[in-house]
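Open the model in your viewer and keep the sequence panel beside it. The stops below go from one selection to the next.

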Amino acid sequence: MASTANSLRLGLRGSSSQIARLQTGTRPSPPAAVAVALAAALRRRCLSTMPPRWAADGKDAEAPGELELEFSRNYANPGEFLADYLRKDTITRAERQQAARMLEQWKEAPAELQGQYEQLARNVYTQAAPLKRPVQPRKNSFWNAEEKDTDLITDEVGEDDFEEDDILSMGHGKLEEHREAREYSRVTVWEMPLLSKFAKPFVPPTGDEVLRFRYTTYMGEFHPADRKVVVEFCPKDLRSLTDAQQLKLKKLAGPRYNPEKDIIKMSCEIHEHQAQNKRHLGDMIDRMIATAKDPTDMFEDIPLDTRHHTFTVKPKFPKEWRMTEERRKELEAIRQEAFRLDEARRTGGGLVDGVVRIQEALAAPQAAAAELQPVMARRGGARPGKQNARPQPRR
Amino acid sequence: MAALRQNLTGALRGSCPGARLQWQTLDQQFHALRLGGSSSSSSITAAAAKASTSTSTSRCMSTDAQNDSNSNTSGSQTEFRSIIASPENTLRIATHARPVPLSPSYFSRQPVFNDSYLTLQKLMRSYGNLPVIPAGQVERVAWNTLEDTRQTLGEHVKASDYAKCIELVKRLHAIHPTLKPEAVTAALQAFKRNVQPFSNVPNPIVVDKFGRALGVGRRKASVARAWVVEGTGEVQVNGKNLADAFGRVHDRESAVWPLRATARVDKYNVWALVEGGGTTGQAEALTLAIAKALMAHEPALKPALRRAGCVTRDPRRVERKKHGRVKARKMPTWVKR
Amino acid sequence: MSAPNCLRCLLQLRPSVALPRHLLVARSTAAIAIAWTAPFSTTTANNAKTGGGGSKDKTGGHIRAGKKIKLGKFKKNTTADRGKAPAPGERKAFRKKILLSNNNALPVPGLVDLTPEHMLDPQNAATVLSIPDAVVDQLRAVEAFKPTQCWGVFRKPSMLLRTETIDLMNRMKGAAKQKQTLRLVVTGDRITGKSMLLLQAMTHAFLNDWIVVNIPEGQELTTASTEYAAIPGSDPVRYMQQTYVLKLIQAIRKANEKVLSKLSTVQSHPELPQHIPVGSPLMQLANSAKEADNAWMIFQALWQELTARGRPPMLFALDGLSHIMKVSDYRSPAFELIHAHDLALVRLFVESLGGAGAFPNGGAVLAATSRGNSPRAPSMELALQQREAEQAKAADVPQPDPFFRGYDERVQAALRTVQVLKLSGISKLEARVLMEYWAASGILRTTVDESAVSEKWTLGGNGVVGEMERAALLTMRL
C-alpha cells in the first residue's frame, strides 16, 4: 500500500501540474491516445496551472482538441489517468514503461485503498468548486455594504474550547489595548514630528483668488459624499463685473445666493471624482460670469428673488441706554423731576390715595350718601356702626 | 519618631536575635517607642550587637538595618566592622525569613487610622498652644466623612473614635494660618475630601463699562439673560416691550418682580433675551436673571431679594412619565374584567 | 322571567292605608321645598324631578327597571338644568351693552366738562376731562363708544387728553378753517387707544357743531351680514346696503339734530319718491327715510346736501379699516366675490379718504385700524408703513415684495396720500394723571406716587393704555 502511494508520488513528480489531475479522469481510453497525452504533458511546464499558449503550428493543428479534451475531463482515480496517459502516442518509451508499471501497481492496490482515493478526489472536487467560481463585484451597491469581510471568516469549530495553555480572551484584549496604545505612542514620538516637514505658512488669499473651495475627506474610507465639492464666492469680489452685471449674476445664482451675507454658494457631486466636480464648478462659474457680462438681456425686468432666504432680525441692546456721563445727568434730571412732582403733590395736597378716597367717601355724611344713591334696605337691620355704609356690591 | 520606628523595625527585620534570644514583646516595643529615640535604638542595637558577638547564628536578611544601626550608634559600628573583618564567622544566609510589620499598630483593628490618630495627637501635644483664629474666619473645608474614611482605609473605624479624630483635625485646622507648621498642614491634607465644594465659587457678576450687569436665570426649560442698566423703568424682552412679550399680567409681574419687591422699577432698565419653555417659565427665569443682575448693582439688596424669593433657582422640572402609569403618577383606571 | 316593575313599587303607586302617615307629610313638605327658592338666587333651583321613577328618594319610591345596556357609562350626564335660556338676541344685546356710568363709583372732585377750547390748548395735555352729557348722547347715537372700553366702572364718561389728541384736534381745526379735508389713518399697537382717539375727534366735532358721520365697524359692511343689492344703472356695478344705510341715516339724524335742524335743502331731489322742495329743512329729508327700499337714494340726497357749499365742516370716521381694504364676503350675481370698494357706502368713504371726494366746507376723514379683529390686508399695511416712513423722512421707505401676489392696486391707490398717526404708549405724566383719576374714582386702591405710576407704566408695556388698565384695574378684558 505504502509502496503504491510512494510510486505514485514519484511518478508524478516529473509533471506536478498533473498531480491534481491524477485523481481525475473517468473513462478507460484506447491505447493509441497514450502517446499523444504523454507528449502534451511534456510540453507543459511543471509549475503551471494553465496550458501554455503555443504558436500556431501546422503540425500541432490537431493538438488543441486533444488538450481541451484532457482538461475538460475529470479523472476519478490515478488508474484512469494513467490509462488515458498511456493511450497517447506522443510519449517516449521510458515514460510509457514507467506509466505502465505505475498502472500495474495501481491495479494491484487493494480495492479499499482505491475506493478511498476515489472518495478523496470527489471530496476535493466538490469542496473546491465554490472557491474556483470567480467573484463578481456587485453593481449599484451602497458603500460596498454587501462585500464580505474576509477578516471575520473563521473556522469556528472548537474556537471556544480552552486548552488551559493561554491567558483568557480578556487578557488578550487587555494586551491588545496596550499594543494599540504603544503603537500610537510610537507614532506620536517617531512619525508625527516628521509632519512638520510638510508644514506650510499660511498665505492669505490675494484679491484674485475669490473662490473658496471646500472638500470632504473621510480619512481614506470610501464614502459617497467624499466626491462633493462646495464653492463660495462673493459677487462683489469679481472686480471685472459692473454693478448691473453683478446683480445679474446674483439673479442667475437663484437660491444659491444668500442676500444677508452677499455670498453665492454652490456645490457639485455629480461626477465620480473630486477633481471632476471641482472642474465642473469652475466651468459653471465661468459660464455664469460670461452670461452676466452678456449685454443682450440684463434681466432688468426680474427683481432679485430672496424668497428662499429668511431674514432674521437680532434684537440689539439700545445704544441710548448705555451709561455715559450725559445719560447719567439725564437720568438724574428725570429723577429730580419725579421727586419734585411727588413732593409738590404731597405738600400741596394733590396726592391721590385710592384707599383714603374710599374711606372718606364711606365716612361722608348720610345726606351726601343718600344723594349719591338710593338707600337700600339691609337684611337684619342697620347696624349702629355702619349707618353710613353703602351696600356691598353684588358679586 | 518615624525615623526611630523605621530604625526599630529595620533592626527587628534585619538582625533579629536568634532562637536563643528571647523575642521582644509588643509591649516592650511600644515601651521603647515611648522612650526617647536614642535610648531605644541603643538598647535594641545593643541587643543586636550582643547577639552578633555572642552567637554565630545571627541573621542578615537585610543590610539596611545594619546601616541604620551603624549610622546611629557607635556600638553597632564596631559590630559592623567586626562583621566586615570576619564575614565567614558572622554572616550566614538565613534559613528562613520572618517579616515584621512596619507599624506597631499592625495588629490592632484599624492600623492606618490608629497611626494617623497618634500622629494627630502628637501634633496636638506639640502645637496645641499656638494661637487660633475665630471660628467664623476659619477657611471652610469639607472633611472626609466617616463612611468615606471607612471606604478608603478599608477599616472599620469606630464612629466615636472618628468623631474625636475629626475634632482634633478641626482644632489643628483652626491654628492661625501664618503660624501653622508645615507638619500640621501635611497631616490635615489626608483628612480633606478630594473635591472641595467650598472652593467652587461662581464668578462674581460685574457691571461692565456701559453700566450693564448681565444675570442669567433658569426655570423649567427656559433660560433668560437680562442686562440690567440704570434707567427709567423700560423693559425689553427679545426686542419687544413687556406687554407684547407676556400676554398675562401675572407673567409680567413675575418678570419684574425683583424690581418691584425692592421698589426699583423706575430706577433700572432691563434688556433681556429669553428662550425655551413656555410663558410662565420664561417669566420666572427672568425673575432670577434680573435679581442676579440687580445684586451686581446693589449687593446689599440680597436679603430683601431672598425674602422676595428671587435668589434661589426653582429646581422643579416636569416629572417623568413612568411605565405602568398613565402620566407621572396617575394610575390606569380600574376595569372589572 | 321577572316582572319589569317590582311589586313593592306597584304597591306604593296608590295611596293606600298601608302607607304610613308621616311619609305623606314628608311628601307634602318636599313639594313646598321645591316651590321655595332662595331670594338671592338668579336661577331656579336644580331640584330632583318628582314623579319620575328610577331615582331613589326618601319616600322609598323604587322601581326596578329591567337590565339595560348602557353605552358610554362613564360619561357624566351633562344636560343639567341651566334655567331659562336667553331669548333670541338677548345674548348679543348683553354683549353689546354699553354702560356709560356707574353710581357706585366715587365722583371725582374737580372734574371739568369739556369745552371746545379745552381740546385745542396744549396746556391741557395730560388732563382728564369729562364729556358733557349732550355730547355723550350724540356719541352714543353714532355708536362711538365700544363695549370693550371700560366706561362702566366710572361715575361719568371722562377721557384723558394726550398730546396726540391735542395735536389731532389742532390739525382738524386748521383743516376746517382752511376749508380743507384732513385725511388721516390712526394706527398703532393693540389697545393703544386708537378707537378712543376717534371718539375724541368726534367729541371735538360735536362740540364745534360739525356734522359727524360715523361707521362704527368696517366689519359690518363687508362680512355679508346686511342686505345688499346692485344699484340699477350703475356701470361698473356698485352695490348698496339699504338696511345699513337706513340705520346710518337715522344715526346721523339723531346725532346731528342740533345742526341739521338749522339747515335747509338747497337742491331739488326729483328722484326721491317723496317731494322735498328746495328750502325745506334737512331734518325733513332725513326723516323721510322710513324704510330700507329708498334709503340709499335718500342718503345720496342727504350727502349732496351736506356737502353743498356753506354747510358746517364734516367729520367722516370709520373704525376697523382693514375690513374695507379687502375683497368682501358678498357675491355678485355671477357668484364672484365683490371687492369692498364696489360697495357704494364703502366706496364713498374710500374716495373721501383717498381725496377724490373732498369736502367743500372742510372737515376730516378719519380711519382707525384695529389689531384685535382685523383680517390681513397686506396692501394696507404696506401703504401705511410707506406713508409713515415718508412722513418721518426716513432714508429707506419699505418697498413691496415683488414676488408677493396678495397686493391690491385699488387699496394702494386709496391710501396713496393719507396721513398716518401712529399711537404708542403714553408718557409717565399722562399715566400719572390717568391713575390719579382712577384712584379718585375709588377703583385703584393705591397711593398714586411716582413709584406706583412707574410700576404700572412698566407692566403696561411702556405705557400702553389698555395694558395699564388691565394691570391696574384687573379688568377681565383679554
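Start by selecting chain B: 30% of its 337 residues count as buried. This is a predicted model. The secondary structure of chain B comprises 15 helices and 5 strands. Take the contacts within chain B between residues at least 6 apart in sequence: 74% of them join residues at least 24 apart.

**Where chain B meets chain C**

Keep chain B and add chain C. Here 15 residues of chain B are in contact with 14 residues of chain C. On the chain B side, select α11 (242-245) and α12 (249-255), each of which supplies at least two of the residues that touch chain C. Colour that side of chain B by residue type, and the split is 7 nonpolar, 2 polar and 6 charged.

**The sheet in chain C**

Now hide chain B and stay with chain C. Look for an open sheet of 5 strands, paired in parallel, in the order β4-β7-β10-β3-β11. Which strands stand at the edges? They are β4 (211-215) and β11 (419-423) of chain C; each has a single partner strand, so one side of each has no neighbour in the sheet. Going from one strand to the next, the twist averages 20 degrees.

**Strand β10 and its two partners**

Select β10 of chain C, residues 363-368. How many of the residues of β10(C) are buried? The count is 6 of 6, and the strand is mostly covered. Show the side chains to see two directions: C:Gly363, C:Val365 and C:Ala367 point one way, while C:Ala364, C:Leu366 and C:Ala368 point the other way.

Add β3 of chain C, residues 181-188, which pairs with β10 in the parallel sense over 6 bridges. Two positions are worth labelling. C:Arg183 stands opposite C:Val365 of β10(C), and C:Val186 has C:Ala368 of β10(C) as its bridge partner.

Then add β7 of chain C, residues 314-319, which also forms a parallel pair with β10(C) over 6 bridges. In this pairing, label C:Leu315, which stands opposite C:Ala364 in β10(C).

**Helix α15 of chain C**

Clear the strands and select α15 of chain C, residues 428-440. At 1.5 Å a residue, its 13 residues should span 18 Å, and the end C-alpha atoms are indeed 18 Å apart. Is this helix enclosed or open to the outside? In α15(C), 12 of the 13 residues are buried, so the helix is largely enclosed by the rest of the structure. Among the buried residues are C:Val433, C:Leu434, C:Met435, C:Tyr437 and C:Trp438, and also charged ones such as C:Lys428, C:Glu430 and C:Arg432.

To see what surrounds the helix, bring chain A back into view. The buried residues of α15(C) pack against α12 (354-363) of chain A, and also against β1 (127-130), β2 (158-161), α16 (450-459) and α17 (465-473) of chain C. Past the end of the helix, select C:Gly442, which follows α15(C) and has a positive phi, near 80 degrees.

**Where chain C meets chain A**

For the last stop, show chains A and C together. The contact takes 17 residues from chain A and 16 residues from chain C. On the chain C side, α15(C) gives the most, with 3 residues. By type, the residues on that side of chain C divide into 7 nonpolar, 5 polar and 4 charged.

Notes: Residues numbered from 1 in each chain as written. Chains lettered and ligands numbered in written order. Predicted model: local features only at pLDDT ≥ 70, side-chain atom pairs only at ≥ 80, totals over all residues. Pairing = 2+ DSSP bridges. Helix = DSSP H or I, 4+ residues; strand = E, 2+ residues; numbered from the N terminus. Axes fitted to C-alpha atoms, helices over the stretch in contact; angles between N-to-C directions. Buried ≥ 20, exposed ≤ 12 C-beta atoms within 10 Å, placed from the backbone. Contact = placed C-beta atoms within 7 Å. Expected span 1.5 Å × (residues − 1).
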